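Subject: Structure handover

Hi,

Here is the structure I promised to pass on to you. Have a look at it first, and then read on for what turned up in it.

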Amino acid sequence: MTLAAAVAVVSAVVAPGTAAHASAPSTRVPPVVDFNGDGHADLAVGAPGGTVGGGAGAGYVSVVYGATGGLDAATHASFSQNTAGVPGGAEAGDHFGAKVLPVDLNRDGYTDLLVGAPGEDVGSAVDAGMVTVLWGGTKGLAGGTAVDTGAVAGRHTGQTLAAGDFDGDGGVDIAYLTGTDIQVLSGVGTDGRPDHHGTIVTWEAMGNAGIITDDLAAGDVNGDGVSDLAVIGRDVETLDDGQAPLFLGGSHTGDSVGGLAYRSNLVDAKGHWLEGDSVAIGDLNGDGYGDVVIGHTHEGYYTDSLIPSKGGAIGVAYGGPDGESTTVAPVWLNQDSAGVPGVAEPADALGADVAVGDVNGDGYADVVAGAPGEDLDGVTDAGDFLLFKGSAQGLTGTGSQAFSQDSAGVPGAAEAHDRFGRTVAVLAATGTDRAQAAAGDPSENAGNGAVWVLHGTAAGLTGSHPANFGAATMHTPVTGSAFGSTLG
């Protein structure tokens, strides 16, 4: 069955939802991802390795819609560049679905979905990359519009994405990384065109050699109601020396770009720069300021002497009115920290991906972090993921949990090189459903991939009645699809 045919088949089971009338916050990133406006949280899954129309690695995206009690894997839809209404055409190596990011772009109360295709050729510009928005509505996602990101060969646009209101005008702004630069699209309209396109040149903004950028996240760190941007990367001159610059939104000075102005590099309690591989923002201690969470997997001669880098670690820089807090000390946590399950071992890769959300409903954001290199009972790189709980004291190891395919109730079994937990996401609680946490394993079954979703409780996460699905459940191409490479 072709992907286009599969979409036609599954569209019949996607029940129309009731229109959502409540508007999203000014950052435009919905607290609940709800593509069809029925009040239940939905999940988007990228499968950038999927073969579409005979093109290997053309890629596609699947969406699983929510229902009372959580995600309903039987209610789904899938999209590729061969789907009617979606711009472009599926071609080998496009990797459509390498990144997915939910955002209410047109401010109609329905969540839309930004989809990155970093391998897309635009005209003669090879691997320029492309970002497409799929539009939410009463029947879920449908149709699409290409975002005007220009055409620069080798830029791989769409590999990373963040969205918020960086200039404070109430519109949607998009940021993405291109090597040592940060591209900012201000006020992206329904035609995909921004009001303004600016470039943050890291060495100019930061006043040093600059960084090779790796990941970024948007959130309100200083509590002014405008989105800020946290970036992580590696020094262009010393690749073992990572940095995490913070750009505050709402600035209209001459050196700002799209409202973003460099504030400072985030530092830990010893004054060393925070660094890592993944980043997310959320309020872990309930003080009204977004906190920057960094997943750090790198183990090297430099980092070993500065942070608990063995097996990976989670770093937190707490937010405050000037950016990073001057009153709440940053923390590092790893599997040797008090209360954290397991033991820190080389190559566990804790922090390969991090996500933030209130899993247990206590009012404090929690952190879900993947450890895809975790060995389990002699099974190499089986992988697991951990839940770290927020509190009035911030993030601690107290009450932390770990889940793998060997955990009670979790479908499957731990197998060598699965790398379970390579990607993670948190689905926010709704009026009828508790929060959920999703873990992706794009390496499952020799690269076919799969996703698991666990339910939140007051005590944390539970393996009771989890959802588990892959490409076969979506009726989409299975072999080598890397289903679960990105979640949103």
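A residue is called buried below when its relative accessible area is under 20%, and exposed when that value is over 50%. Please keep in mind that this is a predicted model.

By that cut-off, Phe469 and Phe483 are both buried. They also form an aromatic pair: their ring centres lie 6.4 Å apart and the planes meet at 80 degrees, so the arrangement is edge-to-face. Where do the two rings sit in the chain? Phe469 belongs to strand β30 (residues 460-470), while Phe483 lies in the loop between α5 (471-474) and β31 (486-487), so that the pair links distant parts of the chain, 14 residues apart. Searching the whole structure gives five aromatic pairs. There is also an aromatic cluster, made up of Phe385, Phe403, Phe420 and Trp452.

Now for the overall picture. The protein contains five helices and 31 strands. Its radius of gyration is 21 Å, close to the 23 Å that the globule rule gives for 488 residues, so the protein is as compact as a globular protein of that length. Along the principal axes, the C-alpha atoms fill a box of roughly 55 × 55 × 40 Å. Of the 488 residues, 60% count as buried. The accessible surface comes to about 16700 Å², and carbon and sulfur atoms account for 52% of that. If you look at contacts between residues at least 6 apart in sequence, 56% of them join residues at least 24 apart.

Two of the sheets may be worth a closer look on your screen.

The first is an open sheet of four strands in the order β4-β5-β6-β7, with antiparallel pairing. Its edge strands are β4 (99-103) and β7, each of which pairs on one side only. From one strand to the next, the twist averages 25 degrees. Going across the sheet, β4 and β5 are joined by five bridges, and Pro102 stands opposite Leu113 in β5. Five bridges also connect β5 (residues 112-117) with β6, where Val115 faces Thr132. Another five bridges join β6 to β7 (residues 142-147), and here Trp135 has Ala142 as its bridge partner. The hairpin of β6 and β7 has six residues between the strands, and Gly140 takes a positive phi near 95 degrees in it.

How many residues of β6 are buried? In this strand (residues 130-135), six of the six are. Both faces are covered, with Met130, Thr132 and Leu134 buried on one side and Val131, Val133 and Trp135 buried on the other. Thr132 and Trp135 are thus named twice here, as buried residues and as the bridge partners of Val115 and Ala142.

The second sheet is open as well, with four strands in the order β23-β24-β25-β26 and antiparallel pairing. Its edges are β23 (354-357) and β26 (401-403), which each pair on one side only. Neighbouring strands are turned by 20 degrees against each other on average, direction ignored. Strand β25 (residues 384-388) pairs with β26 over three bridges, and Leu387 has Gln401 in β26 as its bridge partner.

Happy to talk it through whenever suits you.

Best wishes

Technical notes:
Residues numbered from 1 in each chain as written. Predicted model: local features only at pLDDT ≥ 70, side-chain atom pairs only at ≥ 80, totals over all residues. Heavy atoms only, no water. Pairing = 2+ DSSP bridges. Axes fitted to C-alpha atoms, helices over the stretch in contact; angles between N-to-C directions. Rg over C-alpha atoms; globule rule 2.2 N^0.38 Å. Buried < 20%, exposed > 50% of the residue type's maximum accessible area, 1.4 Å probe, protein only. Contact = heavy atoms within 4.5 Å. Areas by Shrake-Rupley, 256 points an atom, 1.4 Å probe, with all protein chains shown as cover. Phe/Tyr/Trp six-rings, centres within 6.5 Å; stacked < 30°, edge-to-face > 60°.
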